[in-house]
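Grab a pencil and open the viewer. Below are a few exercises to work through, each with a solution you can check yourself against.

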Amino acid sequence: MDRPPDATRDVPIDTETIADTIRQALRFGSIRPSREELAATDEALRGHVALLLAEARRTTSPHPPDRYRLDRISKHLAFPLGKGVLSEYAEVPQRARDCQWLLAHFTAGRDEYKPRPGSVRATPTTGRRG
């Protein structure tokens with residue numbers, strides 16, 4: 001019996017767009033977004049999470065992702081965004097952290113990890129200061 005093709009298998013994973021969406025969602029802790037912004041970001045995150053979740057479940061890497069966490073993320077994905085402002089402010093960043101974890105696993109498995117540009121703290125070459 002032929003199985004239907006997995007729709008997420010044909011979709012390329014744009015790690016830069018996903019990372020931008022995650023950064024936007026995590027910034028909501030320092031600004032007051034509108035409900036429409038929260039809903040739109042949640043919708044984008046849901047798509048990214050679904051795509052990365054499917055990829056994580058297919059992985060054959062020697063270091064598979066934590067199945068318990070994958071199940072928790074999958075269950076959380078099934079629930080719609082809450083109706084109250086407080087639940088929206090809590091759920092969107094949580095979905096962003098889930099997406100961030102999945103993206104980190106995805107990029108690490110493909111050696112695509114790129115540290116963010118910025119200042120890097122130099123390590124001292126000599127012993128401790130007195």
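What follows is four short exercises, each solved step by step.

Before you start, note that this is a predicted model, where local features need pLDDT of at least 70, side-chain atom pairs count only at pLDDT 80 or more, and totals for chains, interfaces and linings use all residues. Residues are numbered from 1 along each chain as its sequence is written, and side-chain values use heavy atoms, with hydrogens and water left out.

**Exercise 1. Get the overall picture.**
Work out which secondary structure elements the protein has, and in what order.

*Solution.*
- Step 1: Count the elements. You should get 4 helices and 0 strands, taking helices (H or I, at least four residues) and strands (E, at least two) as DSSP runs numbered from the N terminus.
- Step 2: Read them off from the N terminus, which gives α-α-α-α.
- Step 3: Check burial. Of the 130 residues, 32% count as buried; buried means under 20% relative accessible area, exposed over 50%, and partly exposed in between (1.4 Å probe, protein chains only).
- Step 4: Look at the contacts (heavy atoms within 4.5 Å). Among those with a separation of 6 or more, 73% join residues 24 or more positions apart.

**Exercise 2. Describe how H2 and H3 pack.**
Find the angle and the axis distance for helices H2 and H3, then say which residues make the contact.

*Solution.*
- Step 1: Recall the recipe: two packed helices are described by the angle between their axes and the distance between the axes.
- Step 2: Apply the recipe to H2 (residues 35–58) and H3 (residues 67–77): the angle is about 150° and the axes are 11 Å apart. Here axes are lines fitted to C-alpha atoms, for helices over the stretch in contact, and angles run from 0 to 180 degrees between N-to-C directions.
- Step 3: List who touches. H2 brings Arg 46, Val 49, Ala 50, Leu 53, Ala 56 and Arg 57, while H3 brings Arg 67, Leu 70, Asp 71, Ile 73, Ser 74 and Leu 77.
- Step 4: Zoom in on one of them. Arg 67 touches Ala 56 and Arg 57, leaving aside residues up to four places away in sequence. The C-alpha atoms of Arg 67 and Ala 56 are separated by 9.4 Å, and Arg 67 is partly exposed at 36% relative accessibility.

**Exercise 3. Follow a salt bridge between helices.**
Which residue forms a salt bridge with Glu 88, and where does each partner lie?

*Solution.*
- Step 1: Use the cut-off: a side-chain nitrogen of Lys or Arg within 4 Å of a carboxyl oxygen of Asp or Glu. The structure holds 7 such bridges.
- Step 2: The partner of Glu 88 is Arg 35, with the closest N and O atoms 3.5 Å apart.
- Step 3: Glu 88 sits in helix H4 (residues 85–109) and Arg 35 in helix H2, so the pair ties together parts 53 residues apart in sequence.
- Step 4: Compare the surroundings. Glu 88 is buried at 7% relative accessible area, whereas Arg 35 is partly exposed at 40%.

**Exercise 4. Sort two more salt bridges.**
Place the pairs Arg 58 with Glu 55 and Asp 71 with Arg 57 in their helices.

*Solution.*
- Step 1: Arg 58 and Glu 55 come to 2.9 Å between their closest N and O atoms. Both lie in H2, 3 residues apart, about one turn of the helix.
- Step 2: Asp 71 and Arg 57 meet at 3.1 Å, N to O. This pair links distant parts of the chain, with Asp 71 in H3 and Arg 57 in H2, 14 residues apart.
- Step 3: Finish with a network: salt bridges that share partners join Asp 42, Arg 46 and Arg 95.
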